[in-house]
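Could you walk me through this model in my viewer, one selection at a time? I would like to know what to pick next and what I will find there.

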Amino acid sequence: MSDPVLNLKGVTKSYNAGQPNEVSVLRGIDVTLAVGEVVALVAPSGAGKSTLLHIAGLLDLPDAGAVVIAGEDMTGLSDARRTAARREDVGFIYQFHHLLPEFTAAENIVLPQLAKGTARAAAETRAQALLAEVGIAERASHRPAALSGGEQQRVAFCRALANAPKLLLADEPTGNLDPATSDQVFEALMALVRSTGLSALIATHNLDLAARMDRQIRLDAGLIVPV
Ligand SMILES: Nc1ncnc2c1ncn2[C@@H]1O[C@H](COP(=O)(O)OP(=O)(O)OP(=O)(O)O)[C@@H](O)[C@H]1O
Ligand SMILES: [Mg+2]
């Protein structure tokens with residue numbers, strides 16, 4: 001058996017610890033994602049979905065507990081090692097695309113590959129192939145402002161997968177789109193994830209989309225509860 005792609009063990013997180021306005025958001029979270037598993041994270045607004053994803057994606061640190069990615073315990077890594085692990089092992093997708101406005105769609109997918117040390121020609125080939133997979137190859141030279149919301153989000157998916165991560169984390173990836181576009185863009189994301197055998201944890205308010213994933217986990221009062 002290969003190691004789980006993601007293992008959160010007893011993760012806790014509070015904001016404003018020790019102050020009157022302390023909020024205890026995560027109170028001991030255990031999550032395991034097997035290789036190739038796509039899991040929906042459902043919870044009401046403010047329950048801590050983004051907090052959990054940021055900790056799993058090494059963008060934020062837990063107060064206690066461990067974050068293990070593909071068998072490697074990320075707890076206690078130096079900032080430099082954590083940044084490298086984030087760049088190489090994790091793809092992150094936000095509700096809003098966060099593409100760099102002054103660069104084209106293709107360049108937005110090339111840049112993270114250059115940061116990892118990939119040669120430019122190989123990075124450009126990969127960017128073009130990813131754009132083709134999500135159905136927008138002909139938009140490669142457009143800047144984000146010249147793309148529709150659905151197209152922007154497809155580019156953001158390609159960027160998240162640019163460095164062939166082990167784990168994909170998505171925070172309401174279709175939350176900004178109208179229902180019909182959201183459906184199509186979600187299907188494009190699922191096709192991309194399935195074709196690469198990636199493991200993904202995807203936060204969503206949309207129970208219909210959640211039902212199309214392998215499994216759902218629910219966050220309530222700081223704990224994972226049965227769905
Ligand atoms: N930097 C911060 N400082 C203080 N409190 C915070 C901070 N970030 C988040 N919180 C609080 O933590 C709780 C969880 O926030 P989080 O953003 O993780 O929720 P969420 O489930 O992603 O919500 P949404 O569905 O609205 O995106 C909220 O009560 C929020 O106000
Ligand atoms: Mg959120």
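Here is a short tour with stops at the ligand, the salt bridges and one helix. Keep in mind along the way that the model is predicted.

**Stop 1: the ligand**

Start by selecting ligand 1 and the residues around it. The shell holds 14 residues, and the closest are Ser45, Gly46, Lys49, Ser50 and Thr51. Colour the shell by residue type and you will find five nonpolar, seven polar and two charged residues.

Now show the secondary structure. Strand S2 (23-33) and helix H1 (49-56) each supply at least two residues of this shell. Which element gives the most to the shell around ligand 1? That is H1, with three residues.

Next, turn to the oxygen atoms of ligand 1 and display three distances:

- Side chain of Ser50: an N or O atom here is 2.9 Å from a ligand oxygen.
- Side chain of His205: an N or O atom here lies 3.2 Å from an oxygen of the ligand.
- Backbone of Ala47: an N or O atom here is 3.3 Å from a ligand oxygen.

If you switch on a surface, compare it with this value: ligand 1 taken alone exposes 640 Å², and the protein buries 60% of that.

**Stop 2: salt bridges across the sequence**

Leave the ligand and look for charged pairs. Side chains of opposite charge can pair when their charged atoms come close. With N and O atoms within 4 Å as the cut-off, the model has twelve salt bridges.

Select Asp60 and Lys13, which form one of them, with their closest N and O atoms 3.5 Å apart. Asp60 sits in the loop between H1 and strand S4 (64-69), while Lys13 belongs to strand S1 (residues 6-15), so this pair ties together parts that are 47 residues apart in sequence. Are the two partners buried or exposed? Lys13 is buried, at 9% relative accessible area, whereas Asp60 is partly exposed, at 26%.

Then select Arg215 and Glu37. Here the closest N and O atoms of the salt bridge are 2.7 Å apart. Arg215 lies in strand S9 (residues 215-220) and Glu37 in the loop between S2 and strand S3 (38-42), so the bridge joins parts that are 178 residues apart in sequence. Glu37 counts as buried, with 17% relative accessibility, and Arg215 as partly exposed, with 31%.

**Stop 3: a salt bridge within one helix, and a network**

For a local pair, select Glu124 and Arg120, whose salt bridge has its closest N and O atoms 3.1 Å apart. Both residues lie in helix H4 (residues 120-133), four residues apart, about one turn of the helix. Each partner is partly exposed: Glu124 has a relative accessible area of 39%, and Arg120 has 45%.

Follow this with a group selection of Asp183, Glu187, Asp208 and Arg212. Salt bridges that share partners join these four residues into one network.

**Stop 4: two sides of helix H2**

Finish at helix H2 (residues 79-89), where Arg82, Ala85 and Asp89 are buried. Why do these residues fall on the same side of H2? They cover an arc of only 60 degrees around the axis, and that places them together on one side. Rotate to the other side of H2 and you will find Asp79 and Ala80, which are exposed.

Note on methods
Residues are numbered from 1 along each chain as its sequence is written. Chains are lettered from A and ligands numbered from 1 in the order in which they are written. This is a predicted model: local features need pLDDT of at least 70, side-chain atom pairs count only at pLDDT 80 or more; totals for chains, interfaces and linings use all residues. Side-chain values use heavy atoms; hydrogens and water are left out. A residue is near a molecule or strand if one of its heavy atoms lies within 4 Å of it. A polar contact is a pair of N or O atoms within 3.5 Å; within protein, one must be able to donate a hydrogen and the other to accept it, and residues adjacent in sequence count only if both atoms are side-chain atoms. Accessible areas come from the Shrake-Rupley method with a 1.4 Å probe; for residues, only the protein chains shown count as cover. Ala, Val, Leu, Ile, Met, Phe, Trp, Tyr, Cys and Pro count as nonpolar, Asp, Glu, Lys and Arg as charged, and the others, Gly among them, as polar. A salt bridge is a side-chain nitrogen of Lys or Arg within 4 Å of a carboxyl oxygen of Asp or Glu. Buried means under 20% relative accessible area, exposed over 50%, partly exposed in between (1.4 Å probe, protein chains only). The arc is that of the directions from the helix axis to the C-beta atoms.
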